[in-house]
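The following exercises are to be worked with the sequence and the model at hand. Please attempt each task before reading its solution.

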Amino acid sequence: MPVVQGAVDAAARGAPGFVTPRFDTDLDTGAYLERVPPDAYCKGMFFHDVLAQVRRVDPDAARGLARRRYIPFKDYPLREHMEITEAAVRLLYPGVPTREGMRRLGWLAYPAFVESMIGRVVFGVLGKDLDRIFQVGPKSFEVSLTRGQAVAERLGDRHWRYDFTDVFGYLDAYYVGVVEGPIRYHRLVPDVRIHLRTLSDGTMDIRWS
């Protein structure tokens, strides 16, 4: 997946309508799933992470969700990951709106990634420097997914924009959690707002304190 680091398209940079994502409602997962092209894949490590979380709650359910043996650095259909994620959030966060459940599951992606061999290569020397982490963050999309483009732009101290094109998945729920993840990991408070153009295209305005 090509990843560009540099200036976000001017129209996206100045786009009105950045809003705080809603996490108090359920997600219409079918609308997202039907957009996923057949050549969209993600690494097996992300299946491992979701199933490991479920295994802590219900080992039998985890075995039921796994459709095969997932090898960490092999590619598997993104749609399959999304379907397993949908089932997992209902088991992990009962009584919580599925948008919030997706967000919480997204929080776990960064810790899992930085502990992997690829993650140590991408983030290993950056320590707690969140500006550097967000600068190289799009590379994690490049090595994790086979479709889409992520563009990073620094707007100021503790202020970044990520522009996503053809990033399939739950962009305004799970991926908001993914972006919040490194901030929370370093015990800071994220403020992420989103301008969604389609279910797979949008810009996130990212700050932390």
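Two exercises with solutions follow, after a note on conventions.

This is a predicted model, in which local features need pLDDT of at least 70 and side-chain atom pairs count only at pLDDT 80 or more, while totals for chains, interfaces and linings use all residues. Residues are numbered from 1 along each chain as its sequence is written, and side-chain values use heavy atoms, with hydrogens and water left out.

**Exercise 1.** Determine in which sense strands β6 and β7 pair, and over how many bridges.

*Solution.* Begin with the elements: the protein has 11 helices and 7 strands, taken as DSSP runs (helices H or I, at least four residues; strands E, at least two) numbered from the N terminus. Next, locate β6 at residues 190-198 and β7 at residues 201-208. Two strands pair if DSSP finds at least two bridges between them; here the pairing is antiparallel, over 8 bridges. Finally, inspect the connection, a hairpin of 2 residues from β6 to β7, and the position of Val 192, opposite Ile 206 in β7.

**Exercise 2.** Identify which residues of α6 and α11 make the contact between these helices.

*Solution.* First, find α6 at residues 98-107 and α11 at residues 174-185. Then consider their packing: the angle is about 40° and the axes are 6 Å apart. Axes are lines fitted to C-alpha atoms over the stretch in contact, and angles run from 0 to 180 degrees between N-to-C directions. Last, list the contact (heavy atoms within 4.5 Å): α6 supplies Met 102, Arg 103, Leu 105, Gly 106 and Trp 107, and α11 supplies Tyr 174, Gly 177, Val 178, Glu 180, Gly 181 and Arg 184.
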